[in-house]
Amino acid sequence: MVPVFFIANRSSAQWYFELYQNFQSDTIIQCMDAEDGYYLEDTKLWIGTNHGVVVFSKFDTLFYDSLNSPLVDNHITAIDAANEAGVVWVGTNHGLLRLDPYSGWSSYTLTNSSLPSDSITCILDFSNDSVWIGTRNGLVLYTNQDDSFQLFNTENSQIPGNHIQCLERSYFIPYSYYPEPLYVGTDSGLLVIDGNQWKAYTTSNSSLTSGDVRSLSVNNVTGASPKLWMSSYGAGAVSYTHLRAHETDSYLVCRLLL
């Protein structure tokens with residue numbers, strides 16, 4: 001059995017630890033996310049593995065794979081369970097799935113939707129009405145109101161590369177104070193979507209020494225500017241402050257950590 005430690009942040013801002021030991025020895029954990037108990041009956045941990053999706057809660061453990069669900073690929077590449085309505089998004093290399101607590105599963109692929117690729121790399125729920133989806137062939141904005149996908153790529157936007165590798169945003173800035181920037185990591189640079197303003201950072205227009213952005217994280221400290229942490233292939237970990245699309249490069253501070 002493979003033990004998995006999980007740390008969750010409840011709405012009361014108190015941290016707690018959980019230990020799970022329900023995985024077989026050949027299980028590889030690809031991704032995970034949690035539904036907060038503030039919105040649902042209890043906190044649920046959603047884990048994407050190379051064998052399917054495992055859901056842990058205080059009451060039971062659920063498992064979804066190609067045999068008992070519409071999953072066409074048991075190798076899970078991305079998962080997002082942060083939607084306040086309880087909607088969970090699951091990405092694979094053969095399509096995208098949406099699990100609604102009321103209507104059940106919906107499947108999206110190249111054949112039945114306008115997705116630019118069946119290979120889903122990352123998912124970020126932005127609101128109850130919209131979800132950002134990273135693929136190997138562009139960035140997609142899903143809108144729940146009309147069940148549509150809007151594609152952004154190097155031909156129709158400022159995005160520096162079509163291979164989307166990670167998505168991140170700040171969760172703790174109040175909407176009334178600042179719009180929440182969306183950070184998009186690609187194989188060719190970083191994109192900041194700040195309201196209606198888009199700005200790309202690459203090795204040619206910034207202090208980035210590598211445009212191959214692999215992971216992103218935003219931390220917020222009360223009274224301080226948000227800081228974006230980024231790791232890129234061949235350039236270690238980098239931290240940025242004041243990284244917003246409407247600011248000039250003079251506000252950009254880069255610090256190489258490794």
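The following exchange goes through the strands, one sheet and one threonine of a predicted model.

Biologist: Which conventions apply to numbering, confidence and atoms?
Modeller: Residues are numbered from 1 along each chain as its sequence is written, and side-chain values use heavy atoms, with hydrogens and water left out. Because the model is predicted, local features need pLDDT of at least 70 and side-chain atom pairs count only at pLDDT 80 or more, whereas totals for chains, interfaces and linings use all residues.

Biologist: How many helices and strands does the chain have?
Modeller: Both are DSSP runs numbered from the N terminus, helices being H or I over at least four residues and strands E over at least two. On that basis the chain has 0 helices and 22 strands.

Biologist: What share of the residues in the chain is buried?
Modeller: Buried stands for under 20% relative accessible area, calculated with a 1.4 Å probe and protein chains only. Of the 258 residues in the chain, the buried share is 49%.

Biologist: In what order do the strands of the open sheet with 4 strands lie?
Modeller: Strands count as paired if DSSP finds at least two bridges between them, and the pairing in this sheet is antiparallel. The 4 strands lie in the order β3-β4-β5-β6. The edge strands, each pairing on one side only, are β3 (29-35) and β6 (61-64).

Biologist: Which residue of β4 is the bridge partner of Met32?
Modeller: Strand β4 covers residues 44-49 and runs antiparallel to β3, to which 6 bridges join it. Within β4, the partner of Met32 is Ile47.

Biologist: Through how many residues does the hairpin join β9 to β10?
Modeller: Strands β9 (residues 95-100) and β10 (residues 104-108) run antiparallel and are joined by 5 bridges, with Arg98 bridged to Ser106 in β10. The hairpin between β9 and β10 passes through 3 residues.

Biologist: Is Thr186 buried or exposed?
Modeller: Thr186 belongs to strand β16, which covers residues 182-186. Leaving aside residues up to four places away in sequence, Thr186 touches several residues, among them Ile159, His163, Asp212 and Val213, where a contact means heavy atoms within 4.5 Å. The relative accessible area of Thr186 is 0%, so Thr186 is buried.

Biologist: Which residue has its backbone oxygen 2.8 Å from a polar atom of the side chain of Thr186?
Modeller: A polar atom of the Thr186 side chain lies 2.9 Å from the backbone nitrogen of Ser188. The backbone oxygen that lies 2.8 Å from a polar atom of this side chain is that of Gly189.

How values were computed. Buried < 20%, exposed > 50% of the residue type's maximum accessible area, 1.4 Å probe, protein only. Polar contact = N/O pair within 3.5 Å; in protein donor to acceptor, adjacent residues only side chain to side chain.
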